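Open your viewer and get ready to click along. We'll hop from one selection to the next and look at what sits there.

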Amino acid sequence: MNQNSPNEQNKLANQTINYWKILRIFLSRWYWVAGCVLISFIIAWLYLRTITPIYITSASLKLDNSDQQMNVLPSAPAAYRGFGTNQIQTEGIIMRSEDVILNALKNLNYRVSYYLEGRVRTSELYPKKPFEVEIISQDSVNFSRATYNVKPLDANTFEISTSDNQFKTQEKYKYNQPINMGNMVFAIKSAIPSIGKYSFKFNGIRDLYGRASAGLNVYEQEKNTNIMGVTHTDSNPTFSADVLNEIIKQYVKNDAELKKRSAKQTIDYLNSQIDFLDGQVNKVGSKLSSFQTNNKVIDPVTDKQINSSKLSQLQEQVAQLQLQELGIQQLEEQIKNNKEKIQFNLNLEGTNSTLVSTLISQLNALIILRENKLQNFNSEAQPVKDIERQINEIKQAITTNIRLLHERNRKTINYINGQINSANQALSTIPSKQNDFAKLQNNFDINQRMFSMLFERKLSAQISSAAVISGATIIGQAQPSFYPISPIPRKIYSSYMFMGLFAGLGLILAARLLNPYLYDIETIEGITATPIIGVILKYPKKIDFEHQSVLSIEKPKSIFAESVRSVRTNLSFMASDKATKVICVTSEISGEGKSFVSLNLAGTLSIIDKKVILIAADLRKSKLHKAFGFDNKTGLSTYLAKQNTLEEVIHSDEKHNIDYITSGPVPPNPSELLHSNQIQELIAKLRLKYEYIIIDTAPVGLVSDSIPLIRQADVNLFIIRSGVSKNRAASIPDRLSKEYSLNNIAIILNSFGNEKLHSNIYTTNYAYGNTGTYYYSNYTGYGRSGYYDHDKRWWEFWKK
């Protein structure tokens, strides 16, 4: 009947986070962090060397209230530009318009750009000219935008090559010689500097449009004020300042021209009305003069003067309404035929034109917005169609308001005509001569008064036009700033160094998270309840297994030998009731140090005069015979196959006082040999002669050869090698204990090197667990305490 082993009742040791261990993990790879920071610093330095710096220049303008500006024009609209929350954005659209920027670029020396090639990047030399290039003839549109590289040969000649042929073809020319290239003719007038690599290229005015408009930004400099700030960013601070100054000058000039154009249209309209009324006055005056001459009427006075005065007033009102009707018709015609901005400059006094004026201002803003959108989209794009839809809606609203003005004026005229008919009927009783004279006199007076009124308005408009100024005033011009806004070296270095720091820390975390191996006893104790009876330290030098195998004897005063002796001490407590102990040494896979541990454990037992025999039971891939310099032609496999006797396969190492049985030649059926009764008889015979029988077996994770030996052993030692064994290896002892009802399995951590990077962050509290753990030390920090012998390192040559 199977009984539960004690190990099944064990609990995993209680573990708590040790923050000092976490700090030691990061400190153990400080050079990773330092390396990442150094690499980041180098990358930041290279980035700053290769990236072109960006500079910003700024200017400011004062926007005057449009109502105050336009009050000087009696016939001008009440609001030329609405002043509200969107005023700055509206002015920004106007400033970024194509006309303003192209006119500004015309004032710059834009036709030739000069460059100096550095070791890392090429710099624009504007406004400097290292040599003079004269354009003799050039197609205004179709000319090459290639880069021309030049190199002086002597005082009279130079070489020139172009990017059109990838700088391969170099041709020689003389200074002042016409050069026909790229659909243009040009000449180099002055000597090219001999130091440095220079190049140049030709520009069209539209080639710089994107550069000028892309870096332009308009904003409200102070909240709730009429101060507008304007900035421009570019890789050349001088170019940025020059183009920004020209743009704001052209914007101010354009604003004044628009107002003068509005005043001129008003004057032209008044002139046309004055010419018409002048003809009417002359015509009526001639009729009155002829009537007086023919009828000898000088100053007729009748009893109907009151009716005549009333008739005169009514006729004057009709004339004014007809004048307004002409203005409304002209505005209606302008709305129907004009797709550009509408100048609302007609004489509509006395009409309800405030709504029409507001609608026209909105229409003008939408037309400007459409022009700006057409710079980035074609006419079929959805944003342009949306704006055109809004323009059509506003035009429809304006047309509706104009129609209402027409109807109101017609109704008023019809009403006044009715009053005139009544007055005429009242005058019908006047004698015909006096009546005719009164009509002519009234008509003449009306036209004379209208003529005088319009002439006065024309004089006032001419005076106002001469005094028109722009609605914007430059209060701060742009000055070149040679401090880049991007990239800023201090920010770049700090950002990259922080990135390097986090990259180094992340590298440490990644190395731990992606690590599948076991390194320390705390990690093992957190996985398995199987006791750990010892930790064998990693030998500081590379081990030659054929010549340096029993280091516990060859280096008895080393800390390594002391760790093996610690295992030997704990081993004495296991199966203490047995006079002869059969110790089976196994592991999960090959290469975890089974043979090395078995050999050194046998060596430490032989030092205390124990009778020890070491058996190489890995019949597939054993190397234990190499440690003793044996040829391995006979051994365990030949004994189990009954080819040799026990006495013939037992050999003795006089140097280390160890008896051993090698594995022998590799048999075709190793598993069957180890499962035979012959192996049980061998162990029974050896128990009579030896105190310790140490069996080096095959790895249990690969083959099942070791199972019969494990079940017969008094003590089973499972080897876990630090940095080689994976996490799953720690759970194998528990599985073996459960499957085969074993209570004699213990773990040895081999080749422990105190690897801080992969060390466990927990501290084991044995007071809250029942792990059956033996006392052992990992000897951390004692290797160079002076108590143990150790080989000197190269920097310790000064020590005696």
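Which residues do ring pairs link into a cluster? Select Tyr114, Phe131, Tyr148, Phe186, Tyr198, Phe200 and Phe202, and you have them on screen. Rings of Phe, Tyr and Trp (its six-membered ring) pair if their centres lie within 6.5 Å; planes under 30 degrees apart are stacked, over 60 edge-to-face, and the rest tilted.

A quick note before moving on: this is a predicted model, where local features need pLDDT of at least 70 and side-chain atom pairs count only at pLDDT 80 or more, while totals for chains, interfaces and linings use all residues. Residues are numbered from 1 along each chain as its sequence is written, and side-chain values use heavy atoms, with hydrogens and water left out.

Now show the whole protein chain as a cartoon. You'll find 24 helices and 23 strands; these are DSSP runs numbered from the N terminus, with at least four residues for a helix (H or I) and at least two for a strand (E). Of its 800 residues, 46% count as buried, where buried means under 20% relative accessible area (1.4 Å probe, protein chains only).

Back to the rings: the structure holds 19 aromatic pairs. Select Tyr126 and Phe239: their ring centres are 5.6 Å apart and the planes meet at 85°, so this pair is edge-to-face. Tyr126 lies in the loop between strand E4 (122-124) and strand E5 (133-138), and Phe239 in helix H8 (residues 237-295), so the pair ties together parts that are 113 residues apart in sequence. Both Tyr126 and Phe239 are buried.

Next, pick Phe186 and Phe200. They make an edge-to-face pair too, 5.9 Å centre to centre with 80° between the planes. Phe186 is in strand E10 (residues 184-188) and Phe200 in strand E11 (residues 197-202), so this pair ties together parts 14 residues apart in sequence. Phe186 and Phe200 are both buried.

Keep Phe239 selected and add Arg211, which lies over the face of that ring, 4.0 Å from its centre. Then try Arg145: it lies over the face of Phe143, at 3.8 Å from the ring centre. For a charge to sit over a ring, NZ of Lys or CZ of Arg must be within 6 Å of the ring centre and within 35 degrees of the ring normal.

Last stop: Gly327, in helix H9 (residues 305-337). Is Gly327 buried or exposed? Gly327 counts as buried because its relative accessibility is 0%. Add Tyr269: the two are 58 residues apart in sequence, and 8.9 Å apart in space, C-alpha to C-alpha.

Terms used. Buried means under 20% relative accessible area, exposed over 50%, partly exposed in between (1.4 Å probe, protein chains only).
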